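User: I am new to this structure and would like a close look at a single part of it. Please take the salt bridges and go through where they sit.

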Amino acid sequence: YGAPLYVVDGERLARNYRAFYDAFADHYPKVVIGTSYKTNPLPRVISILHECGACAEVISHFELWLALKLGVPGSSIIVNGPGKTREGLELAVSNQAKIINIDGLHEIEWIAGLAKKYGHRQRVGVRVVTSVGWSAQFGLGIDNGDALKAFQQLREHEQIEPCGIHVHLGTGIRNIEIYLQAIKEVLEFA
């Protein structure tokens with residue numbers, strides 16, 4: 001097969017997914033898990049996760065295209081990421097993505113116009129920046145009022161259903177206090 005060669009045990013992957021899901025579902029019955037296409041874009045691997053019930057979590061036009069090509073319905077696709085294009089947003093809105101989490105205020109008008117074009121309400125969330133983690137790299141600040149401004153602007157559009165808060169603190173964080181602080185800030189904001 002050549003090198004490098006990665007072998008994935010599909011049965012073990014499915015078991016691990018179910019154990020991870022059950023750990024949350026035992027406490028939160030409405031839990032939804034999205035598998036990151038950025039982290040692992042191998043079609044057969046993500047297909048196994050979709051068969052287990054995972055949504056697609058995509059951050060690019062290509063990843064959104066791949067999810068749709070793999071047969072994932074828009075209602076099971078979460079769209080994130082700071083590099084959204086108008087074309088990518090059109091693909092997301094036209095397929096009625098489960099939620100689009102915006103990173104900037106400019107995305108609101110694009111999404112509202114596309115939702116009007118396709119004749120449905122689009123669910124939208126806001127990626128917020130807390131005082132911990134990758135603060136101010138992407139998203140809208142809670143402290144400076146930008147996150148609240150985004151929700152106020154979202155509510156002005158009948159084609160948009162504001163319905164989520166998205167947080168990404170970074171990778172490799174092993175200090176639980178950072179997560180607890182972020183959760184506290186997000187809950188206070190909500």
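Analyst: What follows goes through individual salt bridges and the elements that hold them. The model is a predicted one. Across the whole structure, a search finds seven salt bridges.

One of them joins the side chains of E90 and K117, with 2.6 Å from N to O. This pair links distant parts of the chain, since E90 belongs to helix α4 and K117 to helix α5 (residues 106-118), 27 residues apart. E90 is partly exposed because its relative accessibility is 24%, which falls between the limits of 20% and 50%. K117 has a relative accessible area of 55% and is exposed.

Another salt bridge brings together the side chains of R127 and D103, at 3.3 Å from N to O. R127 lies in strand β5 (residues 122-129) and D103 in the loop between β4 (99-102) and α5, so this pair ties together parts 24 residues apart in sequence. Both R127 and D103 are buried. R127 and D103 also belong to a network of salt bridges that includes K84 and E107.

A further salt bridge lies within one helix. K184 pairs with E188, and their closest N and O atoms are 3.7 Å apart. K184 and E188 are separated by about one helical turn because they stand four residues apart in helix α7. K184 is partly exposed, at 47% relative accessible area, while E188 is exposed, at 59% relative accessibility.

Helix α7 covers residues 176-189 and also contains L180. L180 is part of a nonpolar surface patch with I176, Y179, I183 and L187, and together they have about 510 Å² of accessible area.

How values were computed
Residues are numbered from 1 along each chain as its sequence is written. This is a predicted model: local features need pLDDT of at least 70, side-chain atom pairs count only at pLDDT 80 or more; totals for chains, interfaces and linings use all residues. Side-chain values use heavy atoms; hydrogens and water are left out. Patches are made of residues with over 30% relative accessible area and no salt bridge: like charges are joined within 9 Å, nonpolar side chains (Val, Leu, Ile, Met, Phe, Trp, Tyr) within 5 Å. Accessible areas come from the Shrake-Rupley method with a 1.4 Å probe; for residues, only the protein chains shown count as cover. A salt bridge is a side-chain nitrogen of Lys or Arg within 4 Å of a carboxyl oxygen of Asp or Glu. Helices (H or I, at least four residues) and strands (E, at least two) are DSSP runs, numbered from the N terminus. Buried means under 20% relative accessible area, exposed over 50%, partly exposed in between (1.4 Å probe, protein chains only).
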